[in-house]
Amino acid sequence: MKQNLLHVALVVRDYDEAIAFYTQKLDFTLVEDIDQPEQDKRWVTVAPPGSTGATLLLARASKPEQEPFIGNQTGGRVFLFLGTDDFWRDYNRMRALGIKFVREPKIAEYGIVAVFEDLYGNLWDLLQLEAPSP
């Protein structure tokens with residue numbers, strides 16, 4: 001049997017502001033933006049540059065009970081892990097674009113990591129995994 005994760009839903013306030021943040025600040029690619037008028041929704045997916053894995057589904061809160069989860073999908077824990085092949089390049093670019101880092105870079109046995117907030121306050125790890133030492 002083979003399975004894979006296709007999409008991870010992220011509750012957002014507004015499609016266009018979320019698209020702008022992810023494509024302009026994080027340099028993600030807009031994969032799909034399909035209007036679904038019968039549901040008063042859009043199917044919007046974005047992905048990190050060069051990614052071939054799961055996409056992030058930007059899901060606008062469509063009911064009042066969903067709104068409190070915007071920016072707090074995991075109760076204050078890190079929600080998503082953005083892997084990179086060059087930590088310092090991405091860290092410096094993101095800081096220059098105004099991304100707020102809530103935990104500064106740390107070198108650990110598994111690599112380099114720092115925690116940042118997306119536009120709604122969800123926490124992400126920016127992470128470069130290092131190959132194990134011989």
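Is Asp-90 buried or exposed? Asp-90 is buried, because its relative accessible area is 12% and the cut-off for buried is under 20%. Keep in mind that this is a predicted model.

**Around helix 2**

Asp-90 is found in helix 2, which covers residues 87–96. Leaving aside residues up to four places away in sequence, Asp-90 touches Thr-84 and Leu-126. Asp-90 has company on the covered side: the buried residues of helix 2 are Phe-87, Asp-90, Tyr-91 and Met-94. Look down the axis of helix 2 and those buried residues fall within an arc of 100°, so they line one face of the helix. The spacing makes sense: an α-helix has 3.6 residues a turn, so residues three or four places apart point the same way. And what sits over that face? The cover for the buried residues of helix 2 includes helix 1, strand 6, strand 7 and strand 8. Just after helix 2 comes Gly-98, with a positive phi of about 90°.

**A run of three strands**

Now follow the chain into strand 6 (residues 101–108). Strand 6 runs antiparallel to strand 7, and 5 bridges join them. The two form a hairpin with 2 residues between them. Strand 7 then pairs with strand 8 (residues 123–129), again in the antiparallel sense, over 7 bridges. That hairpin has 5 residues between the strands, and here Gly-121 takes a positive phi near 105°.

Val-115 in strand 7 is a handy landmark: Arg-103 stands opposite Val-115, and Val-115 in turn stands opposite Asp-125 in strand 8. Strand 7 (residues 111–117) is mostly covered, with 6 of its 7 residues buried.

**Aromatic rings**

There are 10 aromatic pairs in the model. Two of them involve Phe-101, and they look like this:

| Pair | Centre to centre | Angle between planes | Kind |
|---|---|---|---|
| Tyr-91 and Phe-101 | 4.7 Å | 65° | edge-to-face |
| Phe-101 and Phe-116 | 5.7 Å | 55° | tilted |

Tyr-91 lies in helix 2 and Phe-101 in strand 6, so their pair ties together parts that are 10 residues apart in sequence. Phe-116 lies in strand 7, so the pair of Phe-101 and Phe-116 links parts 15 residues apart in sequence. How covered are these rings' residues? Tyr-91 counts as buried at 6% relative accessibility, Phe-101 counts as buried at 10%, and Phe-116 counts as buried at 0%.

These three also belong to one aromatic cluster, whose members are Phe-21, Tyr-22, Phe-28, Phe-87, Trp-88, Tyr-91, Phe-101, Phe-116 and Trp-124.

**The four-stranded sheet**

Elsewhere in the chain, 4 strands form an open sheet in the order 1-4-3-2, with mixed pairing. Its edge strands are strand 1 (7–12) and strand 2 (29–36), each of which pairs on one side only. From one strand to the next, the twist averages 25°. Strand 1 pairs with strand 4 (residues 55–60) in the parallel sense, over 6 bridges. Within that pairing, Val-8 stands opposite Leu-56 in strand 4.

Helix 1 (residues 15–25) lies across strand 1, strand 2, strand 3 (41–47) and strand 4, and runs at about 5° to strand 3. Helix 1 is also part of what covers the buried residues of helix 2, which brings us back to Asp-90, one of those buried residues.

Terms used: Residues numbered from 1 in each chain as written. Predicted model: local features only at pLDDT ≥ 70, side-chain atom pairs only at ≥ 80, totals over all residues. Heavy atoms only, no water. Buried < 20%, exposed > 50% of the residue type's maximum accessible area, 1.4 Å probe, protein only. Pairing = 2+ DSSP bridges. Contact = heavy atoms within 4.5 Å. Axes fitted to C-alpha atoms, helices over the stretch in contact; angles between N-to-C directions. Arc of directions from axis to C-beta. Phe/Tyr/Trp six-rings, centres within 6.5 Å; stacked < 30°, edge-to-face > 60°.
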